[in-house]
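Subject: The structure I promised you

Hi,

Here is the structure we talked about, for you to open and turn around on your screen. Have a look first, then read on for what turned up in it.

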Amino acid sequence: MTSVGSGKGGDLGGLAGADAHCQQLATTVGAGGKTWHAYLSTNAAAQGGQVSARDRIGKGPWQNSKGVVVAKDVDDLHSANNNLTQQSALTERGNMIAGSA
């Protein structure tokens with residue numbers, strides 16, 4: 001989750017632009033030493049063809065900005081057993097997402 005959009009609504013500049021936005025946000029809070037990817041997919045009509053978000057994010061585990069593990073692997077992330085809750089799905093600054101319930 002992020003605290004700030006790109007200022008262009010849904011126009012993130014494709015997957016590369018969305019990834020760059022994630023990387024920049026991580027860098028602002030001192031976490032730029034890792035590679036960050038947006039959890040986005042594309043369809044067959046997109047330049048480069050179809051890409052699945054599930055396939056492009058790595059194998060896990062994933063931690064929130066406070067170091068709490070939210071999923072140990074891709075299957076865990078996509079199951080009811082993940083640890084994504086209102087309290088654990090945080091922005092890069094460690095804040096809960098406004099309006100989430």
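Before counting anything, a word on terms: helices (H or I, at least four residues) and strands (E, at least two) are DSSP runs, numbered from the N terminus. Counted that way, the protein chain has three helices and two strands. Start at the N terminus and you meet them in the order α-α-β-β-α. Please keep in mind that this is a predicted model.

**The overall picture**

How does the radius of gyration compare with what the globule rule gives for 101 residues? The chain comes out at 14 Å, close to the rule's 13 Å, so it is as compact as a globular protein of that length. Along the principal axes, the C-alpha atoms fill a box of roughly 35 × 30 × 30 Å. Of the 101 residues, 25% count as buried. If you take the contacts between residues at least 6 apart in sequence, 29% of them join residues at least 24 apart.

**Helix α1**

Helix α1 covers residues 14-28. At 1.5 Å a residue, its 15 residues should span 21 Å, and the end C-alpha atoms are indeed 21 Å apart, so the model agrees with the expectation.

Which residues of α1 are buried? They are Leu-15, Ala-18, Asp-19, His-21, Cys-22, Leu-25 and Ala-26. Looking down the axis of α1, you would see these buried residues fall within an arc of 155°, so they line one face of the helix. It helps to recall that an α-helix has 3.6 residues a turn, so residues three or four places apart point the same way. What covers the buried residues of α1 includes α2.

After α1 comes Gly-30, whose phi is positive, near 80°. For background, most residues other than glycine have a negative phi.

**Two salt bridges**

How many salt bridges does the structure hold? There are two.

One of them pairs Asp-19 with Arg-56, with the closest N and O atoms 2.4 Å apart. Asp-19 sits in α1 and Arg-56 in α2, so this pair ties together parts that are 37 residues apart in sequence. Are these two residues buried or exposed? Both Asp-19 and Arg-56 are buried. For Arg-56 the relative accessible area is 17%, and the cut-off for buried is under 20%, so Arg-56 qualifies.

Arg-56 is worth a click of its own. It belongs to helix α2, which runs over residues 53-56. Setting aside residues up to four places away in sequence, Arg-56 touches Leu-15, Asp-19, His-37, Ala-38, Leu-40 and Val-51.

In the other salt bridge, Arg-54 pairs with Asp-75, and here the closest N and O atoms are 2.7 Å apart. Arg-54 is in α2 and Asp-75 in α3, so the pair ties together parts that are 21 residues apart in sequence. Arg-54, at 32% relative accessibility, counts as partly exposed. Asp-75, at 54%, counts as exposed. If you want a distance to try out on screen, go from Asp-75 to Gly-99: they are 24 residues apart along the chain, and their C-alpha atoms are separated by 27 Å.

**The nonpolar core**

Which residues make up the largest nonpolar core? It has six: Ile-57, Trp-62, Val-70, Ala-71, Val-74 and Leu-77. Strand β2 (69-71) and helix α3 (74-77) each supply at least two residues of this core.

Try picking Ala-71 and looking around it. Leaving out neighbours within four places in sequence, Ala-71 is in contact with Pro-61, Trp-62, Asp-76 and Leu-77.

Pro-61 has something of its own to show. It lies in the loop between α2 and β1 (62-63). The peptide bond from Gly-60 to Pro-61 is cis, with omega near 0°. As a rule, most peptide bonds are trans.

**After the last helix**

Finally, go to Ala-89, in the segment after α3. At 15% relative accessibility, Ala-89 counts as buried. Ala-89 and Gly-7 are 82 residues apart in sequence and 22 Å apart in space, C-alpha to C-alpha.

Happy exploring!

Conventions. Residues are numbered from 1 along each chain as its sequence is written. This is a predicted model: local features need pLDDT of at least 70, side-chain atom pairs count only at pLDDT 80 or more; totals for chains, interfaces and linings use all residues. Side-chain values use heavy atoms; hydrogens and water are left out. A nonpolar core is a set of buried Ala, Val, Leu, Ile, Met, Phe, Trp, Tyr and Cys residues joined through side-chain atoms within 4.5 Å. Buried means under 20% relative accessible area, exposed over 50%, partly exposed in between (1.4 Å probe, protein chains only). Contact means heavy atoms within 4.5 Å. A salt bridge is a side-chain nitrogen of Lys or Arg within 4 Å of a carboxyl oxygen of Asp or Glu. The expected span of a helix is 1.5 Å times one less than its number of residues. The arc is that of the directions from the helix axis to the C-beta atoms. The radius of gyration is taken over C-alpha atoms; the globule rule is 2.2 Å times the number of residues to the power 0.38.
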